[in-house]
Structure formats: C-alpha cells, structure tokens
Amino acid sequence: MMPTPNDDLQQLRARIAATAARMIAQDGADYATAKAKAARQVLGVDRPSPNYLPDNIQVEDEVRRYQALFQGPAQAARLQSLRSAALEVMEQLAEFRPYLTGAVLSGSAGEHDDIHLQLFADSAKDVEIYLLNRNVDIDISETPHFKGGRHEPVETVSFQWKKETVHAELYEMNDLRGALKPRADGRLQRVDAAGLRALMTTDETLEQDE
C-alpha cells in the first residue's frame with residue numbers, strides 16, 4: 001500500500017515530537033520552544049504550518065520514552081524527590097486549596113523541572129502575606145490562565161523550598177469550577193495533596209513489584 005499524505009504528515013509530527021522531547025529531557029526546554037526548534041530542524045523552515053506540529057500530549061509521551069531509554073533510575077529518583085517536596089509544600093499551603101500540575105504530576109519531570117502548583121484563594125495577597133510572614137522570599141510574575149486567552153493572566157509567586165523552585169499560580173476560588181476535568185488523553189490535569197499521596201503510593205507499589 002502506498003503511503004498517503006496523511007501518513008507522511010504523521011511521520012513528520014512523530015519526528016518533530018521525538019526531537020523536541022530530547023531537548024526537553026536533556027536541556028529543560030519548554031514545550032513551545034522545543035517544538036519550534038525541532039520543527040526547524042526537521043522541516044528546515046522557520047514558521048511551519050501549525051498542522052505539522054505535534055500536540056503537547058504526543059511530545060510528553062516522547063519525553064517519557066526518552067527518559068525510560070536514557071535516564072531510567074536517575075529520572076525516577078528525581079521525580080520521587082520532586083513529588084515529596086511538592087507534597088510538603090502543599091501541606092504547608094493547605095488553606096489555599098493547592099493542586100499540583102505540570103511535569104511533576106505527569107511523571108515526566110527531570111533534572112531541569114520545577115514544582116508547579118495552582119492555589120485557589122479569596123485573594124492573592126493572602127498567599128503572599130502568608131509566605132512573607134514565614135520569611136519566604138518570593139518573586140512575583142504572571143502566568144496565562146489555564147482556561148485560555150479569554151481570561152486575564154494570573155499572579156504567580158515563585159520561591160525556594162528545600163533547594164527546589166516552586167511556582168504557585170494564584171487563582172480565585174470560583175476558578176476551581178470545572179478545573180478537575182481530565183485531559184484529552186484521560187490523564188489528570190491537577191491533583192490535590194490526597195491525590196498526590198495516592199499517586200506516590202501507587203508508584204511505590206509498582207516499584208516493589210518489579
């Protein structure tokens with residue numbers, strides 16, 4: 001059977017995803033930058049048509065594949081350390097309804113990754129005051145709203161926790177509505193502390209069974 005144009009497109013997307021995954025796993029590149037650079041390498045053009053670009057789920061799967069092949073136990077240990085630190089932070093910030101998101105949740109976190117949290121509070125100032133009162137130095141920035149460009153960016157506080165960098169996005173309480181829907185691939189987009197504990201327990205059980 002002759003390959004179809006769609007087959008060729010899928011192969012190009014797979015090559016771009018694999019190339020981007022290597023940049024993410026090795027260098028800590030963000031997904032958008034890695035995909036853009038990978039597309040230039042594979043296609044030889046600066047601005048490829050969007051339909052040539054793999055989605056983040058496909059790239060994440062390639063990151064996992066790369067880590068399993070080349071980083072193995074080191075990546076697993078790093079992920080466990082990040083999740084343990086994340087759980088401690090979430091317990092400290094329990095009154096602000098913390099949820100873990102990003103690579104530490106998905107399991108694709110490596111040596112370059114930070115901890116990403118989403119907090120839901122009556123006021124961003126409440127979170128800032130809570131941290132400052134505990135002598136935690138914070139940097140303030142903005143992050144795009146997880147609900148998309150129709151919503152204003154949200155304030156984000158970044159700080160160090162036991163040598164790990166934490167980025168906590170500060171949302172209003174009503175933003176939590178609908179936030180717990182799974183991703184398109186069925187995986188969770190965010191989990192609370194109880195969910196993270198369950199995830200860590202499952203991982204420990206799997207490791208013991210291997």
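Q: What makes up the lining of the largest cavity in this predicted model, by residue type?
A: The lining divides into 4 nonpolar, 4 polar and 1 charged. The residues are Ile24, Ala25, Val63, Gln67, Ser108, Ala109, Gly110, His112 and Asp113. Asp counts as charged, so Asp113 is the charged one. Gly counts as polar, so Gly110 goes with the polar residues.

Q: Which helices each supply at least two residues of that cavity lining?
A: They are α1 (5-27) and α3.

Q: Why is this space called a cavity?
A: A cavity is a set of points where a 1.4 Å probe fits but cannot get out. The count comes to 1 cavity of 30 Å³ or more. The largest cavity holds about 40 Å³ of space, so the 30 Å³ mark is met.

Q: What makes a pocket another kind of space?
A: A pocket is an open set of points, whereas a probe in a cavity cannot get out. The largest pocket here holds about 880 Å³ of space. It is lined by 30 residues, and the closest to its centre are Tyr31, Asn56, Thr101, Gly102 and Ala103. Its lining divides into 10 nonpolar, 13 polar and 7 charged residues. α3 (56-70), α5 (103-106), β2 (115-121) and β5 (164-172) each supply at least two residues of this lining.

Q: How do you know that the span of α3 agrees with its number of residues?
A: At 1.5 Å a residue, the 15 residues of α3 should span 21 Å. The end C-alpha atoms are 21 Å apart, so the two values agree.

Q: Which residues of α3 are buried, and how do you know that they share a side?
A: The buried residues of α3 are Val59, Glu60, Glu62, Val63, Tyr66 and Gln67. They cover an arc of only 160° around the axis, so they lie on the same side of α3. The face turned away from that buried side carries the exposed residues Ala68 and Leu69.

Q: What caps the N-terminal end of α3?
A: Aspartate 55 does, with a side-chain oxygen 3.2 Å from the backbone nitrogen of isoleucine 57. That distance is within 3.5 Å, so the pair meets the distance limit for a polar contact. Just after α3, glycine 72 takes a positive phi of about 35°.

Q: Why is arginine 83 called buried?
A: Its relative accessible area is 4%. Buried means under 20%, so arginine 83 qualifies. This residue lies in helix α4 (residues 72-92).

Q: What does the side chain of arginine 83 reach?
A: It reaches the backbone oxygen of valine 104 at 2.8 Å. It also reaches the backbone oxygen of leucine 105 at 2.8 Å.

Notes. Residues are numbered from 1 along each chain as its sequence is written. This is a predicted model: local features need pLDDT of at least 70, side-chain atom pairs count only at pLDDT 80 or more; totals for chains, interfaces and linings use all residues. Side-chain values use heavy atoms; hydrogens and water are left out. On a 1 Å grid over the protein atoms alone, a cavity is a set of points where a 1.4 Å probe fits but cannot get out, and a pocket is an open set with protein on both sides within 12 Å along at least five of seven lines; lining residues have an atom within 4 Å of a point. Helices (H or I, at least four residues) and strands (E, at least two) are DSSP runs, numbered from the N terminus. The expected span of a helix is 1.5 Å times one less than its number of residues. Buried means under 20% relative accessible area, exposed over 50%, partly exposed in between (1.4 Å probe, protein chains only). The arc is that of the directions from the helix axis to the C-beta atoms. A polar contact is a pair of N or O atoms within 3.5 Å; within protein, one must be able to donate a hydrogen and the other to accept it, and residues adjacent in sequence count only if both atoms are side-chain atoms.
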